[in-house]
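Reader: I should like to learn how to read a structure of this kind, one feature at a time. Please begin with a single residue and the neighbours around its side chain.

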Amino acid sequence: MGEYLYNAGQKRRYEAGEETKVWGRVPFDKAEVIEEAPYEFHPKFADKHFFTASDKAEFVPGVEAKMVDWFWANMEKGYLLWAPGEHHGFDWIVPPCEVGYEGSVEGSYEFDATKPIKITRLGMQHYPYTDCYEHCWLSCFSDDPDDGFLIHMYEDCPGGIKWRTISVSSQKRMEGMKKMMEMAAKMAAEGKPMPPRPDIAGHMEYESGRLKDFLPQLYALWVGHPDPFENMQFDLTTAKNEDGTWRHVHKNLPPQR
C-alpha cells in the first residue's frame with residue numbers, strides 16, 4: 001500500500017505574517033432546537049469540580065448515527081465541507097488508523113487560518129454524566145482532561161438524529177480564563193488593539209445545520225471502499241456500567257497491518 005496523506009488535501013498554508021483571506025458562511029438551515037433535561041454529574045467526578053458551561057440539543061434531519069461515527073474517523077475527507085468559510089484546513093496530528101479512536105488527535109484550523117486547534121479524543125472513562133445518548137464522542141483541548149472537554153452525542157430517531165453538544169469546564173480552567181479576561185481588560189484600558197473574539201455559539205449552530213448538507217452524500221461515496229486505512233470505521237455506541245458510569249461498547253482499535 002502506498003503512503004496515504006492524512007490531510008484535507010486543499011489546505012492553504014499561510015506563512016507567518018501573511019495576510020489571511022477568510023470567507024463567509026454559505027447559506028444553511030438552522031437545526032431544530034429540542035428540549036432536553038439537564039444532565040447530572042456522576043459522584044465519581046465530584047473532586048473534579050466540573051460544571052456544564054453550555055448544553056444544546058437539536059434535531060438533524062437526513063443523517064444517521066453510523067454516518068457521524070464514520071466521520072470522526074475520516075474527517076480529512078470532509079472537514080472543509082462541514083463549515084465552509086470557517087473551517088480553513090485540517091491535519092491529523094495522530095491519525096486514527098495508527099491508534100484508533102482514543103488518543104487520536106486532530107489539528108483543526110477553525111477560528112485561525114494559520115494555527116490549528118489541537119483536539120484529542122478521549123475514552124468514555126472521562127465522561128462525567130449519569131445519562132448519555134446512544135453514541136458519544138468526547139475530546140479535550142489541552143493535555144489535561146480535567147480542564148474540561150467538548151462532547152458531541154447523538155442517536156437515531158425518526159427522520160434523522162438527535163444531536164447534543166455539551167461543553168464541560170472546571171474551576172481550574174475558569175481561573176485561567178479569568179486571568180485572560182483581566183489581561184484583556186488591561187489592554188483595552190491602555191488602548192491596545194484586541195484580537196477578535198470567535199463566535200463559538202454561532203459556529204456550533206453552523207456545524208449542526210450543515211451536517212445534513214454534506215455528510216450523507218460523503219458517506220455514500222465511501223461505502224464499500226476496501227482499504228481500512230483509507231476508510232476507517234468507528235462504532236461509538238455507548239452502554240452504562242453497573243456503577244452508573246459509561247463506556248463505549250466497541251474498542252475502536254486501528255486496522256491490522
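Author: Contact means heavy atoms within 4.5 Å. By that criterion, and not counting residues up to four places away in sequence, threonine 238 touches Met124, Cys132, Tyr133, Glu134, His135, Cys136, Trp246, Arg247, His248 and Val249. Threonine 238 is found in strand 9 (residues 238-240); helices (H or I, at least four residues) and strands (E, at least two) are DSSP runs, numbered from the N terminus.

Reader: On what basis should such values be read?

Author: This is a predicted model, in which local features need pLDDT of at least 70, side-chain atom pairs count only at pLDDT 80 or more, and totals for chains, interfaces and linings use all residues. Residues are numbered from 1 along each chain as its sequence is written, and side-chain values use heavy atoms, with hydrogens and water left out.

Reader: Is threonine 238 buried or exposed?

Author: Buried means under 20% relative accessible area, exposed over 50%, and partly exposed in between (1.4 Å probe, protein chains only). Threonine 238 has 11% relative accessibility and therefore counts as buried. For the protein chain of 257 residues, buried residues make up 46%.

Reader: What can be said of the chain's secondary structure and its contacts?

Author: The protein chain has 5 helices and 10 strands. Of its contacts with a separation of 6 or more, 62% are accounted for by residues 24 or more positions apart.

Reader: How should one read a strand within its sheet, taking strand 4 as the case?

Author: One may consider burial, side-chain direction and pairing in turn. In strand 4 (residues 105-109), 5 of the 5 residues are buried, so the strand is largely enclosed by the rest of the structure. Val105, Gly107 and Tyr109 point one way, while Glu106 and Ser108 point the other way.

Reader: Which strands are joined to strand 4?

Author: Two strands pair if DSSP finds at least two bridges between them. Strand 3 (residues 89-94) is joined to strand 4 by 5 bridges, and the two run antiparallel; here phenylalanine 90 stands opposite serine 108. Strand 5 (residues 117-122) is joined to strand 4 by 4 bridges, again in an antiparallel arrangement, with glycine 107 opposite lysine 118.

Reader: How does one assess the geometry of a helix, for instance helix 5?

Author: The expected span of a helix is 1.5 Å times one less than its number of residues. Helix 5 (residues 200-222) has 23 residues and reaches 30 Å from its first C-alpha to its last, close to the expected 33 Å. The bend at a residue is the angle between axes fitted to the seven residues ending there and the seven starting there. Helix 5 has a kink of about 50°, centred on leucine 211.

Reader: What is found at the two ends of helix 5?

Author: At the N-terminal end, aspartate 199 acts as a cap, with a side-chain oxygen 2.9 Å from the backbone nitrogen of glycine 202. After the helix comes glycine 224, whose phi is positive, near 90°.

Reader: What does tyrosine 219 in helix 5 touch?

Author: Not counting residues up to four places away in sequence, tyrosine 219 touches Lys66, Met67 and Trp70. At 16% relative accessibility, tyrosine 219 counts as buried. Its C-alpha is separated by 9.7 Å from that of lysine 77, 142 residues away along the chain.

Reader: How many salt bridges does the structure hold, and which of them involve helix 5 residues such as arginine 210?

Author: A salt bridge is a side-chain nitrogen of Lys or Arg within 4 Å of a carboxyl oxygen of Asp or Glu. The structure holds 15 salt bridges. One of them joins arginine 210 and aspartate 213 (4.0 Å, N to O); being 3 residues apart in helix 5, these two are separated by about one helical turn. Arginine 210 counts as buried at 10% relative accessibility, whereas aspartate 213 counts as partly exposed at 30%. Lysine 212 also forms a salt bridge with aspartate 213, the closest N and O atoms being 2.8 Å apart. Salt bridges that share partners join Asp29, Arg210, Lys212 and Asp213 into one network.

Reader: Which parts does the salt bridge between aspartate 55 and arginine 164 tie together?

Author: The closest N and O atoms of aspartate 55 and arginine 164 are 2.7 Å apart. Aspartate 55 lies in strand 2 (residues 50-61) and arginine 164 in strand 8 (residues 160-170), so the pair ties together parts 109 residues apart in sequence. Aspartate 55 counts as partly exposed at 33% relative accessibility, and arginine 164 counts as buried at 1%.

Conventions: Polar contact = N/O pair within 3.5 Å; in protein donor to acceptor, adjacent residues only side chain to side chain.
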